[in-house]
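Q: I have a fold open in my viewer and want to learn how to read it. Can you walk me through some features?

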Amino acid sequence: MSGKERRGTMTSLVAGGAGFIGSHLCERLLAEGEAVVCVDNLVTGRRANVEPLLAHPAFTFVEHDVVDPLPPLPRVDRVFHLASPASPPAYLRHPIATLRTNSEGTRRLLELAARDGARFLYASTSEVYGDPLEHPQREEYRGNVNPIGPRAMYNEAKRFGEALTATFGRAHGVDVRIVRIFNTYGPRMDPEDGRVVTNFVTQALRGQPLTVFGDGSQTRSFQYIDDLIEGMTRLMAVDYRKPVNLGNPEEHTVLRFAHLVRDVTGSSSPIVFAPLAEDDPKLRRPDISLAEALLGWTAQVPLREGLARMVEYVHHAEGLP
């Protein structure tokens, strides 16, 4: 018997719910008539992201670090684990917290799911593929990751989180899901989070030079936040326990993307080059064949359109020029 059948309303816990992705997920679940418990320690999440939801009668905000023992919580039907620093500057500032959130925090949330008989979704990342030798990246590809490199606190934390999720599911019968998220952008990204989209958009709006690391020939694939949320909710609804890629397979060089951002913002900022960071992946493009077959899902929002929405948000909400 489902939670909805038991009590009339499905209840989801969203760990990291005040973050960029988490806040959009909370909003979507509330719109679908669910009750939402948002848990966030506000280290990288922002209270402003969920401020409009606080007055909603079905929304509960709990300020808490999932590494610590969980406070008393209502019985939940689903657990979405999005709690973790996710941008390079954030996980470099909080390296041990990143490792612990994806290990100890994952265990605590899995134990909560086991207690309640809840379905569990772990938000992993395309970073588990490292600097890939396979292109595009399929879920079966096991990656090329430096386990002691400068990004290891994130890459290896997510790889361990996947292993813990899969193993706990088998050992304790928890109904688990794993999503590997590729570069995602949109409103509510922290303008200072250091990722390529926010870097370029904020630099362009401020009239600052757009900083391209390396020669700009490295590639990325960018999906709009609405597409990701649609894919995650579809994955939570199907019976599949192995990892699933969610990303936009349209591939762009970083230099080409810089020119697109200048065009969308109407900026005349120059493009400057800086040394490439160690272990920065040279290629990144998802193979989404599985998501298409399993979920009937593909990315829908064109990059130029999504960028225009994000630029409008940054312009107004963040007070940039």
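**Cores and a helix**

A: Sure, and let's start with Phe-257: leaving aside neighbours within four places in sequence, Phe-257 is in contact (heavy atoms within 4.5 Å) with Val-196, Val-197, Phe-200, Phe-222, Leu-303 and Leu-307. Keep in mind that this is a predicted model, where local features need pLDDT of at least 70, side-chain atom pairs count only at pLDDT 80 or more, and totals for chains, interfaces and linings use all residues. Residues are numbered from 1 along each chain as its sequence is written, and side-chain values use heavy atoms, with hydrogens and water left out.

Q: Which residues have the most contacts inside the largest nonpolar core?

A: A nonpolar core is a set of buried Ala, Val, Leu, Ile, Met, Phe, Trp, Tyr and Cys residues joined through side-chain atoms within 4.5 Å; buried means under 20% relative accessible area with a 1.4 Å probe, protein chains only. Here the largest one has 56 residues, and Met-232 and Phe-257 have the most contacts inside it. Apart from it lies another core of 21 residues, among them Leu-13, Val-37, Val-39 and Leu-112.

Q: How many residues of α2 are buried?

A: Helices are DSSP runs of H or I, at least four residues, numbered from the N terminus. In α2, 9 of the 12 residues are buried, so this helix is largely enclosed by the rest of the structure. Among them are Phe-20, His-24 and Leu-30. After α2 comes Gly-33, with a positive phi near 90°.

Q: And Gln-203, is that buried or exposed?

A: Buried, at a relative accessible area of 13%. Gln-203 sits in helix α7 (residues 196-205).

Methods. Helices (H or I, at least four residues) and strands (E, at least two) are DSSP runs, numbered from the N terminus. Buried means under 20% relative accessible area, exposed over 50%, partly exposed in between (1.4 Å probe, protein chains only).
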